[in-house]
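This report covers the pockets and the surface of one chain. The sequence and the structure come first.

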Amino acid sequence: MKRILTLAVSLYSASIFAYGIGYTTHPMPEGQKSISTEMTGITSGDGGMGLQVRYTQKLNKMLSVDAGLGISGGDREQRFFVGADYEIFPDYLRQPRFSLKTNIERADEFGNTFTIISAAPTLSKGFNFWGKEAFPYVSLPVGLSLNSDDSTYESVASLNTGINGQLPIEGYKHLNGNLELQVGLKDSFTAVLVGLAFPMN
């Protein structure tokens, strides 16, 4: 009976990628660092609201890295993640920016511990909205979720889309906002993220 219950839970507990895939699509000068606070919400399954904090740094012209941790209500308790975004083609004239975001996440869900390794090809493009530039993006993260408790694994996939850019509010233009929607495709689930990034230098 215990094995059947464990199997049922592992099949039901679809794993999630780190929220905020698109944070690193926002152009940053080399050496720039930022801290972001993020509100998360899972809208499918036994989700719930959560909070997350993220550190992002632009190492050079092509490479950005980020790391963060988050907690959530419901059966998805906590997670820690590190990632790197490598720019393959820049946002130039009519050409969108194309990058590959890799990520490693460790998450506690449904009483089990998961390690998720993923890669997310991402397209983004800067547009002018009411006199302000913003950067819509779309990404297709795919990966492998390893269950440390029962030594099983499954492939996972989602579709992430969103927009980020400087806040168009007087007195807060030094801050960047991010809005992202994740749609579960395979052994994942639907979630939203709203974040605010504070430049550190």
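## Second largest pocket

Strand E11 is the main contributor to the lining of the second largest pocket, giving three residues. The model is a predicted one. The elements that each supply at least two residues of this lining are E10, E11 and strand E12 (191-199).

The second largest pocket holds about 180 Å³ of space. It is lined by 15 residues, and those closest to its centre are His-26, Met-28, Ser-34, Asn-176 and Ala-197. By residue class, the lining of the second largest pocket has six nonpolar, nine polar and no charged residues.

## Largest pocket

The space in the largest pocket comes to about 240 Å³. Its lining consists of 14 residues, with Ala-134, Ile-163, Gly-165, Gln-166 and Pro-168 nearest the centre. Two or more lining residues come from each of strand E8 (132-139), strand E10 (152-166) and strand E11 (176-186).

E10 has the largest share of the lining of the largest pocket, at four residues. Sorted by class, the residues lining the largest pocket are seven nonpolar, five polar and two charged. E10 and E11 are thus named for the largest pocket and again among the elements that line the second largest pocket.

## Nonpolar surface patch

Which residues form the nonpolar patch on the surface? The members are Ile-35, Val-53, Leu-69, Phe-80, Val-82, Ile-104, Ile-117, Leu-144, Leu-146, Tyr-153 and Met-200. Together they have about 960 Å² of accessible area. Strand E4 (76-89) and strand E9 (142-147) are the elements that give two or more residues to the nonpolar patch.

Tyr-153, one of the patch residues, is located in strand E10. Is Tyr-153 buried or exposed? Tyr-153 counts as exposed because its relative accessibility is 62%, and the cut-off for exposed is over 50%. Strand E10 therefore holds an exposed residue, Tyr-153, and also gives four residues to the lining of the largest pocket.

## Chain overview

The secondary structure of the chain consists of one helix and twelve strands. Along the sequence, the pattern reads α-β-β-β-β-β-β-β-β-β-β-β-β. The chain has 201 residues, and 44% of them are buried.

Definitions and conventions. Residues are numbered from 1 along each chain as its sequence is written. This is a predicted model: local features need pLDDT of at least 70, side-chain atom pairs count only at pLDDT 80 or more; totals for chains, interfaces and linings use all residues. Side-chain values use heavy atoms; hydrogens and water are left out. On a 1 Å grid over the protein atoms alone, a cavity is a set of points where a 1.4 Å probe fits but cannot get out, and a pocket is an open set with protein on both sides within 12 Å along at least five of seven lines; lining residues have an atom within 4 Å of a point. Grid points are joined across faces, edges and corners, and a volume is the space filled by probe spheres set on the points. Ala, Val, Leu, Ile, Met, Phe, Trp, Tyr, Cys and Pro count as nonpolar, Asp, Glu, Lys and Arg as charged, and the others, Gly among them, as polar. Patches are made of residues with over 30% relative accessible area and no salt bridge: like charges are joined within 9 Å, nonpolar side chains (Val, Leu, Ile, Met, Phe, Trp, Tyr) within 5 Å. Accessible areas come from the Shrake-Rupley method with a 1.4 Å probe; for residues, only the protein chains shown count as cover. A salt bridge is a side-chain nitrogen of Lys or Arg within 4 Å of a carboxyl oxygen of Asp or Glu. Buried means under 20% relative accessible area, exposed over 50%, partly exposed in between (1.4 Å probe, protein chains only).
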